[in-house]
Amino acid sequence: MAGQSSASGGGGRRTPLSRDRVLRAAVAFADRSGIDALSMRSLAQELGVVPMALYKHVANKEELLDGMLDAVLAEIGPTPGGAAWKDAVRGRLLSAREVLLRHPWAPQVIGSRSGPTPGALAHVDGVIGLFLAGGLSADLTHHAMHALGSRVWGFTQELLPAGAEAEQQERQEELEEQAALLAARYPHIAGIVASRTHDAGSVVAGQGCDDRFEFEFALDLLLDGVERLHDRGWSSQAP
């Protein structure tokens with residue numbers, strides 16, 4: 001039936017619609033046009049089907065978003081065997097960051113879910129497993145996961161939403177114009193503003209950069225601190 005499959009080439013042949021194909025098309029659409037532009041109707045147009053054809057594969061848009069998120073999280077690379085726990089955790093979270101840079105809409109979807117998806121649970125379980133395999137206690141691992149926060153997913157919560165880079169650039173230019181006036185009253189702030197640099201294409205945060213260096217800097221501080229606590233035999237129940 002028309003509307004349950006879409007054309008794949010010449011001769012009138014059609015590629016059957018499937019859940020995987022729907023999700024891959026939705027991810028590609030969001031990568032190109034942004035998550036706010038995605039609807040069941042726009043996705044159906046993208047696939048060359050009627051909207052009702054999608055509901056055979058995803059019950060509604062929320063299920064579509066859940067599936068898209070899991071498809072993205074599945075791109076996070078496997079952790080190399082034999083790595084020390086800190087290197088293993090670091091590598092996995094940096095891999096997550098690279099994935100989310102390819103799909104800049106994903107943090108918004110992560111924050112909008114009412115509950116964890118199977119892919120999200122698998123990712124968190126994998127990160128926890130790396131700590132435990134390194135000999136860390138469940139107690140310390142629990143607190144380490146809280147400390148890492150959204151870095152477990154490869155982003156930091158102070159990031160601006162997708163599409164805000166242009167607005168932030170205008171704000172940055174205003175700050176630079178005001179730097180000389182601020183210097184006399186707030187010399188330390190002015191010094192930081194003057195020394196700040198931005199990598200081309202980096203994701204900009206409210207008052208600075210969240211490029212790869214900034215992400216790794218904060219991540220390493222946290223993991224180094226967790227390592228010191230582990231070496232001391234730390235417990236949250238200690239007097």
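In the predicted model, T141 forms part of helix 8, which spans residues 138–148. The relative accessible area of T141 is 2%. Because buried means under 20% relative accessible area, T141 is classed as buried. When residues up to four places away in sequence are not counted, T141 touches I128, F131, L132 and L136.

The protein as a whole contains 11 helices and 4 strands. Its chain has 239 residues, of which 39% count as buried. Among the contacts with a separation of 6 or more, 68% are made by residues 24 or more positions apart. The exposed area of the protein comes to about 13,500 Å², and 55% of this area is supplied by carbon and sulfur atoms.

The interior was examined next. In soluble globular proteins, nonpolar side chains tend to be buried together. In the present model, the largest nonpolar core comprises 35 residues. The residues with the most contacts inside this core are L38, L43, L54, L64, M68 and W105. Two or more residues each are given to the core by helix 1 (19–33), helix 2 (40–47), helix 3 (51–54), helix 4 (61–73), helix 5 (85–102) and helix 6 (106–112). The most is given by helix 1, with 7 residues. Apart from this core lies another, of 18 residues, which includes V89, L93, L94 and L219.

The surroundings of L54 illustrate the contacts of one residue of the largest core. With residues up to four places away in sequence left out, L54 touches L17, V22, M40, L43, A44, L47 and V49. L43, one of these partners, is likewise listed among the residues with the most contacts inside the core.

The packing of helix 1 against helix 4 was also considered. The axes of these two helices come within 9 Å and cross at roughly 80 degrees. Since angles of 65 to 115 degrees count as roughly perpendicular, helix 1 is roughly perpendicular to helix 4. On the side of helix 1, the residues that take part in the contact are R19, V22, L23, A26, V27 and A30. They meet E63, L64, G67, M68, A71 and V72 in helix 4. Classed by residue type, this contact has 9 nonpolar, 1 polar and 2 charged residues. L64 and M68 of helix 4, which take part in this contact, are also among the residues with the most contacts inside the largest nonpolar core.

Key. Residues are numbered from 1 along each chain as its sequence is written. This is a predicted model: local features need pLDDT of at least 70, side-chain atom pairs count only at pLDDT 80 or more; totals for chains, interfaces and linings use all residues. Side-chain values use heavy atoms; hydrogens and water are left out. Buried means under 20% relative accessible area, exposed over 50%, partly exposed in between (1.4 Å probe, protein chains only). Contact means heavy atoms within 4.5 Å. Accessible areas come from the Shrake-Rupley method with a 1.4 Å probe; for residues, only the protein chains shown count as cover. A nonpolar core is a set of buried Ala, Val, Leu, Ile, Met, Phe, Trp, Tyr and Cys residues joined through side-chain atoms within 4.5 Å. Axes are lines fitted to C-alpha atoms, for helices over the stretch in contact, and angles run from 0 to 180 degrees between N-to-C directions. Angles under 35 degrees count as roughly parallel, over 145 as roughly antiparallel, 65 to 115 as roughly perpendicular and the rest as oblique. Ala, Val, Leu, Ile, Met, Phe, Trp, Tyr, Cys and Pro count as nonpolar, Asp, Glu, Lys and Arg as charged, and the others, Gly among them, as polar.
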